[in-house]
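This report considers how charged side chains pair within a protein chain. Please examine the model shown below before reading on.

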Amino acid sequence: MEETYLLNVEGVKKKILHGGQGELPKLQDGSKITFHFQTLKDDFERTVIDDSREAGIPMEIIVGKMFKLEIWETLLRSMRAGEVAEFWCDAIHTGMYALVSRGMRRIAEGRDPLEGQKHRCGMGNMFDYHSTGYDDLDELQRTPQPLIFIMELFRVEEPSAYKRDTWAMSKEEKLAAVPVLHSEGNRLVLRKEFAQAAAKYQEAVICLRNLQAKEKPWEDGWLKLESLVTPLVLNYCQCQLELGEYYEVLEHTTELLQKHNDNAKAYFKRAKAHAAVWNEREAREDFLRVAHLDPSMAAAVKKELKQLGERMRKKHVEDRKRYQGLFKPPQGP
């Protein structure tokens with residue numbers, strides 16, 4: 001089947017190479033579209049620019065999330081599952097392709113697609129940089145031209161049918177996900193699966209931090225979100241203590257205490273991390289701070305200080321023996 005027709009979009013033509021099945025999918029914001037694509041120049045050789053099959057991983061886009069190459073969403077809306085189609089798109093629709101391709105290539109190479117960017121806006125990056133790092137894309141950037149896209153649509157999934165990445169969630173979805181992730185993390189802790197629990201707590205924190213970024217610091221909305229972040233960070237740090245990631249704990253508790261310098265639990269976890277890496281003075285200061293802020297934790301602090309003293313005495317004895325061995329004169333034959 002090779003029928004060429006217009007999509008009622010200026011500068012776009014479609015040719016169906018292989019028919020699909022069923023009705024046209026009903027796309028809504030948050031739907032995930034999975035497909036393979038090939039990008040060709042509109043020249044005599046039909047020069048291949050990109051081919052997702054070479055990477056071995058299909059392309060995925062989320063409807064309504066402002067994918068930089070907006071025309072792709074329009075093209076995919078015209079396809080049925082299993083369909084293979086060829087689209088000719090005029091230069092008015094392909095001007096951003098060089099930047100989109102640059103990002104996709106960097107991901108395929110295991111690199112950060114945003115590496116080196118100074119602007120959030122794609123057009124800002126286009127004018128700020130003279131090179132994408134790829135000669136063929138530099139040519140497209142200098143001289144926008146019509147392109148041919150060959151697409152094979154695999155499936156369309158509704159928002160509720162797949163696990164969505166944090167960045168793809170709406171504000172309401174992020175808020176709804178946080179207590180679920182918190183509960184899952186707690187369940188994993190009870191099973192002593194600390195690495196998996198830490199990942200759940202971290203995902204919940206990312207959801208909240210994304211929302212906080214849109215609020216004015218220290219105002220009501222920001223503070224409400226911060227009150228949800230704090231216990232999650234503390235739970236995350238407890239998991240890292242169990243896993244022996246003490247410097248990770250020092251980093252996150254210190255960051256937390258810069259905002260909330262009266263949080264006894266944060267001082268307690270930081271003190272335990274300091275003790276684990278032999279920072280005796282810092283550990284003692286933090287433990288004493290805990291007892292001052294929360295007298296109900298005094299017994300736990302006393303126990304920790306006793307253990308710290310015993311560990312440090314043992315370490316000093318071992319260190320003396322080690323140094324004595326270093327300076328002991330060699331014995332004769």
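## A salt bridge between two strands

In this predicted model, lysine 32 and glutamate 60 form a salt bridge, with 3.9 Å between the closest N and O atoms. Lysine 32 belongs to strand β3 (residues 32-41) and glutamate 60 to strand β5 (residues 59-62), so the salt bridge ties together parts that are 28 residues apart in sequence.

The two partners can also be described by their accessibility. Lysine 32 is buried, at a relative accessible area of 13%, whereas glutamate 60 is partly exposed, at 42%.

## A second partner for lysine 32

Lysine 32 also meets the side chain of glutamate 157 in a salt bridge, at 3.9 Å from N to O. This pair links distant parts of the chain, since glutamate 157 lies in strand β7 (residues 147-157) and lysine 32 in strand β3, 125 residues apart. Lysine 32 and glutamate 157 are both buried.

## From pairs to a network

Glutamate 157 forms a salt bridge with arginine 155 as well, the N to O distance being 3.5 Å. The relative accessible area of glutamate 157 is 18%, so this residue counts as buried because the limit is under 20%. Arginine 155, at 42%, is partly exposed. Through shared partners, salt bridges join Lys32, Glu60, Arg155 and Glu157 into one network.

In the structure, the count of salt bridges comes to 19. Side chains of opposite charge can pair when their charged atoms come close.

## Cysteines and disulfides

How many disulfides does the structure hold? The number is 0. Cysteine 89 is buried, with a relative accessible area of 0%, and cysteine 207 is buried, also at 0%.

Key. Residues are numbered from 1 along each chain as its sequence is written. This is a predicted model: local features need pLDDT of at least 70, side-chain atom pairs count only at pLDDT 80 or more; totals for chains, interfaces and linings use all residues. Side-chain values use heavy atoms; hydrogens and water are left out. A disulfide is a pair of cysteine sulfur atoms within 2.5 Å. Buried means under 20% relative accessible area, exposed over 50%, partly exposed in between (1.4 Å probe, protein chains only). A salt bridge is a side-chain nitrogen of Lys or Arg within 4 Å of a carboxyl oxygen of Asp or Glu. Helices (H or I, at least four residues) and strands (E, at least two) are DSSP runs, numbered from the N terminus.
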